[in-house]
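Colleague: Hey, could you walk me through this one? I'm new to reading structures, so go slowly.

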Amino acid sequence: MDEKIRIALGQSEALVLFDLLSREFDVPDYGKFREVSVSAANIWALDGVLAALQKTLVVQFANNYDEQIREAGAELVQRRGPLPVVKV
């Protein structure tokens, strides 16, 4: 079941996702992912996504990495809108 699939992401989605995954995997014990994962398979699946993004993106080596991440995030929110407020 190790068949490869392709996922198409826009540059902004890829950058923001890469940043999120990188930050949490840099935290000991997989950061917040450990809290929301129901099994080791969840962690390994996210690790696989991060590895694929690392192979594809070169932004992590850019001098203006933080700026690119901020711009990508702003573009996503502008295009998709803010998150809806959920009243509990």
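Modeller: Sure, and one term before we start: a residue is called buried when its relative accessible area is under 20%, exposed when that is over 50%, and partly exposed in between. Also keep in mind that this is a predicted model.

Colleague: Okay, so is Asp-19 buried or exposed?

Modeller: Asp-19 has a relative accessible area of 13%, so it is buried. You'll find Asp-19 in helix 1.

Colleague: Which residues does Asp-19 touch, leaving aside its neighbours within four places in sequence?

Modeller: With those neighbours set aside, Asp-19 is in contact with Tyr-65 and Ile-69.

Colleague: And what does Asp-19 form a salt bridge with?

Modeller: Its partner is Arg-23, and the closest N and O atoms of the pair are 3.0 Å apart. Both Asp-19 and Arg-23 lie in helix 1, four residues apart, which is about one turn of the helix.

Colleague: Is Arg-23 buried or partly exposed?

Modeller: Arg-23 is partly exposed, at a relative accessible area of 44%. Its partner Asp-19, as we saw, is buried.

Colleague: How many salt bridges turn up in a search of the whole structure?

Modeller: Four. One of them joins the side chains of Glu-13 and Arg-79, at 3.0 Å from N to O. Glu-13 is in helix 1 and Arg-79 is in helix 4, so this pair ties together parts that are 66 residues apart in sequence.

Colleague: Nice. What else does the side chain of Arg-79 meet in a salt bridge?

Modeller: Glu-75, at 2.9 Å from N to O. Arg-79 and Glu-75 are both in helix 4, four residues apart, so about one turn of the helix. Put the pieces together and you get Glu-13, Glu-75 and Arg-79 linked in a network of salt bridges.

Colleague: How exposed are the members of that network?

Modeller: Glu-13 is partly exposed, with a relative accessible area of 22%. Glu-75 is partly exposed too, at 29%. Arg-79 is partly exposed as well, at 45%.

Colleague: Changing topic: I clicked on Glu-24. Where is it?

Modeller: Glu-24 sits in helix 1, which covers residues 11–26. Glu-24 is buried, yet it has no salt bridge.

Colleague: Why does Lys-32 not count as a salt-bridge partner for Glu-24?

Modeller: A salt bridge needs a side-chain nitrogen of Lys or Arg within 4 Å of a carboxyl oxygen of Asp or Glu. Lys-32 is the nearest side chain of opposite charge to Glu-24, and it is 4.6 Å away.

Colleague: Then what does the side chain of Glu-24 reach?

Modeller: The backbone nitrogen of Lys-32, at 2.6 Å. Not counting residues up to four places away in sequence, Glu-24 touches Tyr-30, Gly-31, Lys-32 and Phe-33.

Colleague: Got it. What about the greasy middle: how many residues are in the largest nonpolar core?

Modeller: There are 14, and those with the most contacts inside it are Leu-15, Phe-18, Leu-21, Phe-25, Leu-53 and Leu-57. Helix 1, helix 3 (40–56) and helix 4 (65–80) are the elements that give two or more residues to this core. Helix 1 provides the largest share, five residues.

Colleague: Could you pick one of those and tell me what it touches?

Modeller: Let's take Leu-53. Apart from residues up to four places away in sequence, Leu-53 touches Leu-9, Ala-14, Leu-17, Phe-18 and Leu-21.

Colleague: Zooming out, what is the secondary structure of the chain?

Modeller: Four helices and zero strands, so to speak in symbols, the pattern along the sequence is α-α-α-α. The C-alpha trace spans about 40 × 35 × 30 Å along its principal axes. Of the 88 residues in the chain, 24% count as buried.

Colleague: And what share of the contacts between residues at least 6 apart in sequence join residues at least 24 apart?

Modeller: That comes to 62%.

Colleague: Last one. Which element has the lowest mean pLDDT, and which the highest?

Modeller: Helix 2 (residues 31–36) has the lowest, at 85, and helix 4 has the highest, at 95. Over the whole chain the average pLDDT is 90, and 100% of the residues score at least 70.

Colleague: Great, thanks!

Definitions and conventions
Residues are numbered from 1 along each chain as its sequence is written. This is a predicted model: local features need pLDDT of at least 70, side-chain atom pairs count only at pLDDT 80 or more; totals for chains, interfaces and linings use all residues. Side-chain values use heavy atoms; hydrogens and water are left out. Buried means under 20% relative accessible area, exposed over 50%, partly exposed in between (1.4 Å probe, protein chains only). Lys and Arg count as positive and Asp and Glu as negative; His and the chain ends are not counted. A polar contact is a pair of N or O atoms within 3.5 Å; within protein, one must be able to donate a hydrogen and the other to accept it, and residues adjacent in sequence count only if both atoms are side-chain atoms. Contact means heavy atoms within 4.5 Å. A nonpolar core is a set of buried Ala, Val, Leu, Ile, Met, Phe, Trp, Tyr and Cys residues joined through side-chain atoms within 4.5 Å. pLDDT is the predictor's confidence in each residue, from 0 to 100.
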